[in-house]
Amino acid sequence: MQIVWVRRVVFFFPVQLFLVQLKKNHTHLIFWLILLGIITQNIAAKYGAPFLFLEPEYLNEVSPLSYFIMGFASGGFIMAYNITSYVMNGFRFPFLATVVNPFGKFCVNNAAIPLLFVIVYCCNCYSFLMAEKIFTTAQILIMLLGFIGGLLLFVMLSVFYFQRTNKDIYKLHGKSTQEAIAKPRKSKRLVWRNPLLIKESRDWYVETYVGSYLKFKMVRPVNHYKREMIRSVFKQNHRNAAKFGLTALVSLVLLGLFQEYDLFMIPAGASVLLLFTMFLMLSSFLYGYFRGWASVVLILLFLTLNYFFKTDFTGTRNKAYGLNYNCQPAEYSYNTLSRFATDEEKHNADTAHQISILQKWKYVNLGYSLQSSTRPKLVFVNTSGGGLRSSLWTFYVLQYADSLSHGDLLKHIHLITGSSGGMIGAAYLRELYWQKQKEGALNIYSDSYIHNISKDILNPVAFSIATNELFLGIPKFTDGNYTYPKDRAYSYEKQLNENTSFLLDKRLADYIAPEQNAKIPMMIFAPSIANDGRQLLISSQPVSFLTRNIINCNLEIPLTPAVEFTRLFDAQDAMNTKFTSVLRMNATFPYISPIVRLPSNPVIEVMDAGMIDNYGLFTTVKYIEVFKKWIEQETSGIIILQIRDKHKQRPIEENPNPTLIQSFTKPMNSFYGNIFSVQDFNQNRMLEMITDVIDVPIEVLNFELQNEKSDNISLSWHLTNREKEKVLNSIHDAENKKNLLKLMELLR
């Protein structure tokens, strides 16, 4: 009797379904492992991926509606998983063809993993939201009910479709249930028949399953049915599944056409689920038509797309908006770099132009009286990358410090450099400062601007990846005389403009006059050129003096460290480049915002400025070196504000014995994990050298975001409410308060 129960557990349909997937459908299980790893904060926690699921935002709010959308998307993924599993594995269990509603029974017996996911998700959401201390228990429960409601709605719609279209063997061949069902044969004795299934079999043996009303039922024999009859049932069901999948894929494409409307900007976590759903439905569609050849077809399809991708036959390669890609491309060669580097007339003119800006800066800071014997402090801002956390931190530090100085800080800042999110936050405050000068009544210290700069950017980007880009970038848009694809870069810039009330929706040329007249600080962006590791210096002012090597250099072949964007792409309408595209080029985070290709020969690809100089100090030191004499004669010293998204003195990590896999990955992980520490060491040496050669004092004040490894603020374009709160509270850290007081003293 005990053997009977063991057999019925081992050959229980849900158990056999799991085993068949473990043996043949590893991809399905990998998707579930990824999702479970994310929501339990074991995968991509550093980049904030878990928060996209645990605290989803819709229309900039965490609400029952945002959880409902997450539930609806989860229902879509669960049904895609069931459909794909049914198409690939249903025929291995012939008894399914003889039960009423075969696909429905399959879904019930295949529900173990989806049910585990739902339980783990709800538990983790509850604990996470409770820890946030923003919502009451009742509000949290309502949001979780929203998730369950969305999930059930999609499942019910799917069940309704399959119940009306799918047929079992009786409906398909016109036999009544009572006539067709044979009584199970009685065996004289129970025999243990290959319980481990060592021998490969197309049909998998099952004894029990979960039937209608969740009752456990015995599997009836199907040997007396013709094989063709059973196969015809699965074929008919598979055709319906293929239609359902094709409809889902087409709906996904059509959904991408509505990316202009905020109503369709679903939470980023839901977009990830849509992406996973699409892959599952695609595999189901291919397997349904090509069976055993599906893998070969998929590989051939991938190789074909891979080949045509390099030709850019769809015209979807990412571009900087406002640049002219239709004319003769700029020549990017050693001849061009050499010609730029040795053009003394251009360098002298640009240097003289910059000195005139410095003179106007001094005029502004002396209260419009150059006869004063007082010499002001020249302030540089170096800000780090780090996604939205750096945008918010940089904006708040400068806003807070300027309010303490009663407006003196922004007047004293002459140059802002850095990378990624930090430069976006600085650019927003600079624009507000400029608007205040023009309008007068604007309060740049309002909390509403803090709210704006910390709004989500990731939702539309993830939505674009899940819809448009995987379907060859169908939509296009026009900017002036030029046409570009509506990819994730377009979604990024559009959302950034919406978040900042379109104050940054300008061209590079729009900042020529205010920077030239020292009304606002200059900004120099330095994205990295992926081709050769040089910096691409982007500024509204001519800055060729920053691209040349030290005069009287004894090297036989001096390397040119940087190239000037507006000079290289002058014929391609460089000054017409959208300012948001400049910000994006400087903040090209891999896989989120695409690498930008510029109209040159060979094509230049640019990446995040942080790859070479995360804090912009290289540019600052070079600038000080070029204008050393003027700074010594006209200022009382230099203040470098370094606004960092992580600690300068990071704790030394433990080094336990690695596993075999870790021993292979550790060298690369150690290199990339310490890339910013290496930059800090190099930059400290640069500061030591420049301090020795200039005759005015240099003060470096670090404002560090309290971003401990144990309580990490995610590196993402999305922040939770608690993360935003932690960013703002970092200003009250003892060291930051000390540096604020020192800054106020230096500005007096």
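These legends describe close-up views of a predicted model. Residues are numbered from 1 along each chain as its sequence is written, and side-chain values use heavy atoms, without hydrogens and water. Because this is a predicted model, local features need pLDDT of at least 70 and side-chain atom pairs count only at pLDDT 80 or more, while totals for chains, interfaces and linings use all residues.

**View 1. A nonpolar patch on the surface includes Tyr261.** The patch is formed by Leu59, Leu246, Val250, Leu254, Leu257, Phe258, Tyr261 and Leu263. Together they have about 760 Å² of accessible area. Such areas come from the Shrake-Rupley method with a 1.4 Å probe, and for residues only the protein chains shown count as cover. A patch takes residues with over 30% relative accessible area and no salt bridge; like charges are joined within 9 Å, and nonpolar side chains (Val, Leu, Ile, Met, Phe, Trp, Tyr) within 5 Å. Tyr261 lies in the loop between helix H11 (227-256) and helix H12 (268-290). Helices (H or I, at least four residues) and strands (E, at least two) are DSSP runs, numbered from the N terminus.

**View 2. Helix H6 is largely enclosed by the rest of the structure.** H6 covers residues 102-109, and six of its eight residues are buried. These are Pro102, Phe103, Lys105, Phe106, Cys107 and Asn109. Buried means under 20% relative accessible area, exposed means over 50%, and partly exposed is in between (1.4 Å probe, protein chains only). Phe103 and Phe106 also belong to one aromatic cluster. The other members are Phe13, Tyr86, Phe93, Phe95, Tyr161, Phe162 and Tyr209.

**View 3. Tyr623 and Phe627 form one aromatic pair.** The structure holds 37 aromatic pairs. In this one, the rings are 4.7 Å apart, centre to centre, with 45° between the planes. The pair is tilted. Rings of Phe, Tyr and Trp (its six-membered ring) pair if their centres lie within 6.5 Å; planes under 30 degrees apart are stacked, over 60 edge-to-face, and the rest tilted. Tyr623 and Phe627 are both buried.

**View 4. Charged side chains lie over the rings of Tyr325 and Tyr511.** The charged end of Lys319 sits over the ring of Tyr325, 5.6 Å from its centre. Arg430 lies over the face of Tyr511, at 4.4 Å from the ring centre. For such a contact, NZ of Lys or CZ of Arg is within 6 Å of the ring centre and within 35 degrees of the ring normal.

**View 5. The backbone has a cis peptide bond at Pro602 and a positive phi at His406 and at Ser420.** Most residues other than glycine have a negative phi, and most peptide bonds are trans. The cis bond joins Asn601 and Pro602, with omega about -5°. Pro602 is in the loop between strand E13 (600-601) and strand E14 (604-607). His406 has a phi near 60°. His406 sits in the loop between helix H16 (387-404) and helix H17 (408-412). At 75% relative accessibility, His406 is exposed. Ser420 has a phi of about 45°. Ser420 is found in helix H18 (residues 420-439). At 5% relative accessibility, Ser420 is buried.

**View 6. Thr383 and Thr394 share a polar contact.** Their side chains are joined at 2.6 Å. A polar contact is a pair of N or O atoms within 3.5 Å; within protein, one must be able to donate a hydrogen and the other to accept it, and residues adjacent in sequence count only if both atoms are side-chain atoms. Thr383 is found in strand E4 (residues 377-383). Thr383 is buried, at 0% relative accessibility.

**View 7. Arg567 and Asp343 form a salt bridge.** The structure holds 20 salt bridges. In each, a side-chain nitrogen of Lys or Arg is within 4 Å of a carboxyl oxygen of Asp or Glu. Here the closest N and O atoms are 2.7 Å apart. The pair links distant parts of the chain, 224 residues apart. Arg567 is in helix H23 (residues 565-568), and Asp343 is in the loop between helix H14 (334-341) and helix H15 (344-365). Arg567 is buried at 18% relative accessible area, whereas Asp343 is partly exposed at 26%.

**View 8. Asp645 and Arg389 form another salt bridge.** Their closest N and O atoms are 2.7 Å apart. Asp645 lies in the loop between strand E15 (637-644) and helix H28 (660-673) and Arg389 in helix H16, so the pair ties together parts 256 residues apart in sequence. Both Asp645 and Arg389 are buried.
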